[in-house]
Amino acid sequence: MRRNRNHYSAVLGAELLLISALVLVVSGPALAQTAAGSFSSVSGQVQIQRTGATIGAASGVGVDVGDRIVTGASGHAVIVLNDQSRLELGPVSSITLDEFTITGGTTSTRVGLVSGVLRSLVNASSGGAPANYQVHTPNAVAAVRGTRFDTAYSENVIRPGYKGCDRYTDVSVYQGTVNLASLAAPNAGQNIGAGYEATVPCNQSPTTAGPLSMTGAVSLDSANAGSGVLGFTGTSPGSSGAPAPACPPMAPWSHSPPPPPPYGGIVGPGLGAR
């Protein structure tokens with residue numbers, strides 16, 4: 001009887017060791033953090049939420065894949081990724097850095113915009129190859145390859161002319177081209193060129209693009225001006241048949257960026273949620 005108990009204990013101990021080893025193997029990569037960049041400037045309240053902990057953001061603090069960055073009412077932050085792309089967060093904004101990989105000199109980045117406004121300056125990959133950069137909101141996808149643009153997401157407010165819809169993704173393009181698509185139809189996007197803006201209301205197709213500041217779409221500038229992400233000023237959806245602006249404006253940056261990289265202006269395909 002004692003021999004059986006000893007044998008049982010030995011077998012049980014071996015099984016526990018095996019289970020512990022499997023847990024370490026499975027959880028190890030999930031717990032590992034992949035460095036993606038760092039904050040170049042921070043003002044106001046800005047926090048990093050990482051693996052259950054909250055960290056105060058500051059200039060020079062690193063940003064990892066999987067991080068969630070949240071800004072307060074007066075918060076503002078600029079993140080420089082390892083490929084020299086820049087992410088600028090406006091007040092009352094929240095993003096998740098879902099993907100950042102560099103393979104063979106080509107960068108693939110996916111940012112989730114949960115709320116607020118994000119300005120993106122996407123750098124070309126080494127050797128001039130276009131970067132694969134996407135911004136996903138709860139109802140839309142903005143897919144680009146080398147450009148400068150704003151993405152804003154707001155909800156729980158009904159805008160005039162949108163027939164009860166209370167979720168909106170706005171895109172304002174300053175350089176290059178953005179393919180804007182509804183998450184419900186990611187392969188049926190609309191190309192938005194420099195100097196134009198458009199909106200995805202709820203699960204509908206993007207509105208007809210109109211000149212910047214003419215359709216009421218929310219941008220980082222309007223949020224910084226104090227109107228916030230809900231500061232929609234338009235009276236109708238989109239701006240059908242609007243004339244082209246004489247000179248597409250460039251998006252200002254709160255801090256002087258490095259010399260601009262070459263932008264291919266190549267349109268990226270609208271991609272669905274992964």
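In the predicted model, Cys165 is buried, its relative accessible area being 4%. The cysteine participates in a disulfide with Cys202, the two sulfur atoms being separated by 2.1 Å. This bond accounts for the 1 disulfide that the structure holds. The two cysteines belong to distant parts of the chain, 37 residues apart. Cys165 is located in the loop that connects strand E12 (148-155) with strand E13 (167-175), whereas Cys202 occupies the loop between strand E16 (196-201) and strand E17 (210-211). The torsion about the S-S bond is about 115°, and the disulfide is therefore right-handed. Cys202 has a relative accessibility of 16%; because residues under 20% are classed as buried, Cys202 also falls into this category.

Burial was further examined along strand E6, which comprises residues 76-81. This strand is mostly covered, with 6 of its 6 residues buried. Burial extends to both faces of E6. One side presents His76, Val78 and Val80, and the other side presents Ala77, Ile79 and Leu81; all of these residues are buried.

Strand E6 is paired with strand E1 (residues 35-43) in an antiparallel arrangement, through 6 bridges. Within this pairing, Val78 of E6 stands opposite Ser41. E6 is also joined to strand E7 (residues 86-89), again with antiparallel strands, by 4 bridges. Here Val80 has Arg86 of E7 as its bridge partner. Val78 and Val80, which lie on one side of E6, thus serve as reference positions for describing the two pairings: Val78 is matched with Ser41, and Val80 is matched with Arg86.

E6 and E7 form a hairpin with 4 residues between the strands. In this hairpin, Gln84 adopts a positive phi, near 75°.

A further buried position is found in strand E10, which spans residues 132-136 and contains Gln134. The relative accessible area of Gln134 is 2%, and the residue is accordingly buried. The side chain of Gln134 is engaged in a polar contact with the side chain of His136, at a distance of 2.7 Å.

Note on methods: Residues are numbered from 1 along each chain as its sequence is written. This is a predicted model: local features need pLDDT of at least 70, side-chain atom pairs count only at pLDDT 80 or more; totals for chains, interfaces and linings use all residues. Side-chain values use heavy atoms; hydrogens and water are left out. A disulfide is a pair of cysteine sulfur atoms within 2.5 Å. Buried means under 20% relative accessible area, exposed over 50%, partly exposed in between (1.4 Å probe, protein chains only). A polar contact is a pair of N or O atoms within 3.5 Å; within protein, one must be able to donate a hydrogen and the other to accept it, and residues adjacent in sequence count only if both atoms are side-chain atoms. Two strands pair if DSSP finds at least two bridges between them.
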